Amino acid sequence: MYKKILTIQDISCVGQCSLTVALPIISACKMETCILPSAVLSTHTAGFKGFTFADLTDEMPKIADHWKRENISFAAIYTGYLGSQKQIDYVKDIRNNLLEDGGKMIVDPAMADNGKLYPAFDMEFVKSMRTLCEGADIILPNITEACLIADVEYKETYDYEYIDGLLKKLHDIGAKKIVLTGVGYKQGKTGVAVYDGENHLYYEHDKISKGCHGTGDVYASAFVGALLNGKSEFDAATIAADFTVECIKNTIDDESHWYGVKFEKCLEYLIDRIK
Ligand code: PXL
């Protein structure tokens, strides 16, 4: 069966994030990638000034209704940056109506980093995102997002027990599997912790810089591509981490490229890894 994946997030026309990252990466992983744009922005919101924004919330149910009439369904739905509670409600309807039996609901609760919510969001939005995570097969939060969803105090330095507790809390909330990104226990290292309700696994790798914009979306897209190619959650998490590191390495020396990562030249690496 040729699998169809639906990804729901905004289009930031310039900026290498959200749909302009998810579509090429998941397609490169040989999956038919369908999109539902929740908004169109001239650029992403992190660093560009005076960006334009056109909300597509009202289009979402109309598009989904058409797909339903056409008997279109999806083997997986992967959501990224969403703009409002209403959009999250529409995403739930889409999951209930268009996700195939046994299909995977994958949620990247893109809303915060470095201990802070992105400026566009408030705690009401967090509550709503929590309800989306409750019903997800896999969630891919960073530590900040995980703390907000699990209602745990954010810490910059932590130990294995803290991370283990966070994973278990997210699982108790109802997320079946958790891929927690940006977990580092040692200087110069970062990594990803994966929990499936039984096992807590960890993959550590070098930390290259304080963080590049859009890497969360690059990571989640590569994870989805690898997972749907039959990799386990842990292997997909590892491949996505290595791919993201390659993308950052390919970008870090180019100071003019501050707004995203040059992932395009690393796609062959990803394709090789998912074989
Ligand atoms: O990469 C996450 C993201 C996606 N879309 C928009 C954003 C951001 C992060 O800031 O602004 C519009």
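For sorting the residues of a shell by class, Ala, Val, Leu, Ile, Met, Phe, Trp, Tyr, Cys and Pro count as nonpolar, Asp, Glu, Lys and Arg as charged, and the others, Gly among them, as polar. The exercises below concern a predicted model.

**Exercise 1.** Determine which residues are around the ligand, how they divide by class, and which side chains make polar contacts with the ligand.

*Solution.* Begin with the shell itself, which consists of Asp-10, Ser-12, Cys-17, Ser-18, Leu-41, His-44, Thr-45, Ala-46, Tyr-81, His-213 and Asp-217. Sorting these residues by class yields four nonpolar, five polar and two charged residues. Next, look for pairs of N or O atoms within 3.5 Å, the cut-off for a polar contact. The side chain of Asp-10 places an N or O atom 2.7 Å from a nitrogen atom of the ligand, while the side chain of Thr-45 has an N or O atom 2.6 Å from a ligand oxygen. For Asp-217, a polar side-chain atom is found 2.7 Å from an oxygen atom of the ligand. Taken on its own, the ligand has 310 Å² of accessible area, of which the protein covers 96%.

**Exercise 2.** Identify the buried residues of helix α1 and the elements that cover them.

*Solution.* Within α1, which spans residues 19-28, the buried positions are Leu-19, Val-21, Ala-22, Ile-25, Ile-26 and Ala-28. Their cover includes the strands β1 (4-14), β2 (32-43) and β4 (74-79), together with the helices α7 (215-227), α8 (233-249) and α9 (267-273). Just after the helix, Lys-30 adopts a positive phi of about 70°.

**Exercise 3.** Describe the largest nonpolar core, follow the contacts of Ile-163, and name some members of a second core.

*Solution.* The largest nonpolar core contains 46 residues, and those with the most contacts inside it are Leu-6, Ile-8, Met-111, Ile-163 and Leu-180. Its main contributor is helix α5 (residues 143-150), which gives six residues, the most to this core. Once neighbours within four places in sequence are set aside, Ile-163 is in contact with Ile-143, Tyr-158, Leu-180, Val-183, Tyr-185, Ala-193 and His-200. A second core, separate and made up of 39 residues, has Ala-28, Leu-140, Ala-226 and Val-261 among its members.

**Exercise 4.** Explain why Glu-59 counts as partly exposed, and locate this residue in the fold.

*Solution.* Glu-59 belongs to helix α2, residues 59-69. Because its relative accessibility is 34%, Glu-59 counts as partly exposed. Although Glu-59 and Pro-37 are 22 residues apart in sequence, their C-alpha atoms are 9.0 Å apart in space.

Terms used:
Residues numbered from 1 in each chain as written. Predicted model: local features only at pLDDT ≥ 70, side-chain atom pairs only at ≥ 80, totals over all residues. Heavy atoms only, no water. Buried < 20%, exposed > 50% of the residue type's maximum accessible area, 1.4 Å probe, protein only. Helix = DSSP H or I, 4+ residues; strand = E, 2+ residues; numbered from the N terminus. Contact = heavy atoms within 4.5 Å. Near = heavy atom within 4 Å. Polar contact = N/O pair within 3.5 Å; in protein donor to acceptor, adjacent residues only side chain to side chain. Areas by Shrake-Rupley, 256 points an atom, 1.4 Å probe, with all protein chains shown as cover. Core = buried A, V, L, I, M, F, W, Y, C linked by side-chain atoms within 4.5 Å.
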